[in-house]
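Please open the model in a viewer and set the display to cartoon, with side chains available on demand. The tour below proceeds by selection, one stop at a time.

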Amino acid sequence: MLTSMARSPRLPLQTLAAFRAAARLQNLRAAAEELNLTHSAVSQQIRVLEEQLGFPLFRRHGRRIMLSPAGQSLLEGVEHAMAHLDDAVLRAMAAHGSLELTLRLTTLPSFAQRWLMPRMGRWRERHPDIAIDLHTSAQVVDLHREGFHAAIRQGHGPWAGLDNEPLADSPFVVVGTPATGLRLRDAPESALADEPLLGDVDWWQQWFFAGGIRKRIVPVAAFNDAGLMLQAAEQGLGIALARELLAADALAERRLVKLSQRAITVEGAAGYHIAFPPGLKAWPPLAALREWLFEEMERSRRTMGGGAA
C-alpha cells in the first residue's frame, strides 16, 4: 500500500503561453514574434518551466527545437486546459452580454462560394444586427487560437474541444453544361467515360462502378477546390462529379444540368458539420446561425432534384 505520493510541482502559469507557442512553431524566434516578446524572454520562460519541472521539454537542433516525449505529454495537457479556459471566458462573456454581435465563421472556400454566399441576403434580412465575419480556408483552423466562434467543416468529427452538429451529407451527381446534356441525351451512361472528366479519379471510378461500367477513367483535370471544379464545368471544360448541394444553385438556374439520374455516396467524402466551442452553444448569435443554417439546408433539400437532361 502506498503511504506517500510525490507531489507534482506547481507550474508558473505565465510560462505556459511561451511553451505552447514554442512547441507549436518549433522555433523560439517565431514564438517570440507571435507573443510580442523578445527572443530572450521566451527562452527565459521556457528555462524557468524546465527548471521547475526538473527535466527538459525540448531537444535543440540549432535554431530549431523539437518536443521531447515529456514535452509532448505536457503540451497535450496545456492545450486541453487552455481550451477549457477559453471556453470558460466565452461562457462568462456570453452570460454578461459583452460579446460583440459579430460572429466569426470559418469554412471551406467551395462551401462559402457555392452555397453560403448566395444565401447571405436572407441572413441579413432576418438578422440585420448580427454581422458575419467570414473566413475561408482549405485547412482546419484552430477556433480557440484564432478567435473564431464557429466553423462549417467537412469531415466525420468530432473535433477536439468542440461540439459539432451535422448539417448535410449530400450525394455526388454528374453535371455538365446544358449543351453537353443535349448532346448526350440519348447516349448510354458508358459514353460519359469518353467525355473530358473533371475531378478525382477514385471518385469517378466509384461512380462508374456503381453503374456496372468498366472503363478506363482518365480525368483531364483535378481540383483541390470543388468550387473551381464546378466553375470549370460551367465554362464547358468538362463534366464534373460533384456534391449536389454545391451544384444546387447552378442546377436550379440551368447553368448546369444533371447528366444522369444516378447519385452516389462517395467513400471517403464526409459530410458538412457546424463546429463550435461548447461554451458558446447558447450564445444568441450562434444559436441564430445554427437555426438559420438548418432551415436553409432544409430549403436546399426541398429544391434539389429534377431529372437528367
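A salt bridge is here a side-chain nitrogen of Lys or Arg within 4 Å of a carboxyl oxygen of Asp or Glu. Select Asp142 and Arg145 for an example: their side chains meet in a salt bridge with an N to O distance of 3.2 Å. Asp142 is partly exposed at 25% relative accessibility, and Arg145 is partly exposed at 34%. The model is a predicted one, and a search of the whole structure finds 18 salt bridges.

**The whole chain**

Return to the full view. The protein chain contains twelve helices and eleven strands. Of its 309 residues, 44% are buried. The accessible surface comes to about 16,600 Å², and carbon and sulfur atoms account for 53% of that area. Among contacts between residues at least 6 apart in sequence, 73% join residues at least 24 apart.

**First selection: the five-stranded sheet**

Select strands S3, S4, S5, S6 and S11. These five strands form an open sheet with mixed pairing, in the order S4-S3-S5-S11-S6. At the edges are S4 (131-136) and S6 (163-168), each of which pairs on one side only. Neighbouring strands of this sheet are turned by 25° against each other on average, direction ignored.

Next, restrict the view to S5 (residues 150-154) and S11 (residues 272-276). The two strands run antiparallel and are joined by four bridges. Within S11, His273 stands opposite Arg153.

**Second selection: the four-stranded sheet and its helices**

Select S7, S8, S9 and S10. Their order in this open sheet is S8-S9-S7-S10, and the pairing is mixed. The edge strands are S8 (197-198) and S10 (257-258), each pairing on one side only. S8 runs parallel to S9 (residues 239-243), with two bridges between them. Leu198 has Ala240 in S9 as its bridge partner.

Add helices H9 and H10 to the display. Helix H9 (residues 201-210) lies across S7 (172-176), S8 and S9, and runs at about 90° to S9. Helix H10 (residues 226-234) also packs on the sheet, touching S7, S8 and S9, and its direction makes about 140° with that of S9.

**Third selection: helix H11 and the loop after it**

Select residues 244-252, which make up helix H11. Is this helix enclosed or open to the surroundings? Eight of its nine residues are buried, so H11 is largely enclosed by the rest of the structure. Those buried residues are Glu244, Leu245, Leu246, Ala247, Ala248, Asp249, Ala250 and Leu251. Following H11 is Arg254, which has a positive phi near 60°.

Now show the side chains of Arg255 and Glu234. They form a salt bridge in which the closest N and O atoms are 2.7 Å apart. Arg255 belongs to the loop between H11 and S10 and Glu234 to helix H10, so the pair ties together parts that are 21 residues apart in sequence. Both ends are partly exposed: Arg255 has a relative accessibility of 32%, and Glu234 has 24%.

**Fourth selection: helix H12 and a salt-bridge network**

Select Glu296 and Arg299, whose side chains meet in a salt bridge of 3.6 Å, N to O. The two residues lie three apart in helix H12 (residues 284-303), a separation of about one helical turn. Glu296 is buried, with a relative accessible area of 3%, whereas Arg299 is partly exposed at 36%. Extend the selection to Arg119, Arg122 and Asp249: with Glu296 and Arg299, they are joined into one network by salt bridges that share partners.

**Last selection: aromatic rings**

How many aromatic pairs does the structure hold? There are eight. Select Trp123 and Trp292 for one of them: the ring centres are 5.5 Å apart and the planes meet at 70°, so the pair is edge-to-face; the cut-off for that class is an angle over 60 degrees. This pair links distant parts of the chain, with Trp123 in helix H6 (residues 120-126) and Trp292 in helix H12, 169 residues apart. Trp123 and Trp292 are both buried.

To finish, select Phe111, Trp115 and Tyr272, which ring pairs link into a cluster.

How values were computed: Residues numbered from 1 in each chain as written. Predicted model: local features only at pLDDT ≥ 70, side-chain atom pairs only at ≥ 80, totals over all residues. Heavy atoms only, no water. Pairing = 2+ DSSP bridges. Contact = heavy atoms within 4.5 Å. Axes fitted to C-alpha atoms, helices over the stretch in contact; angles between N-to-C directions. Buried < 20%, exposed > 50% of the residue type's maximum accessible area, 1.4 Å probe, protein only. Areas by Shrake-Rupley, 256 points an atom, 1.4 Å probe, with all protein chains shown as cover. Phe/Tyr/Trp six-rings, centres within 6.5 Å; stacked < 30°, edge-to-face > 60°.
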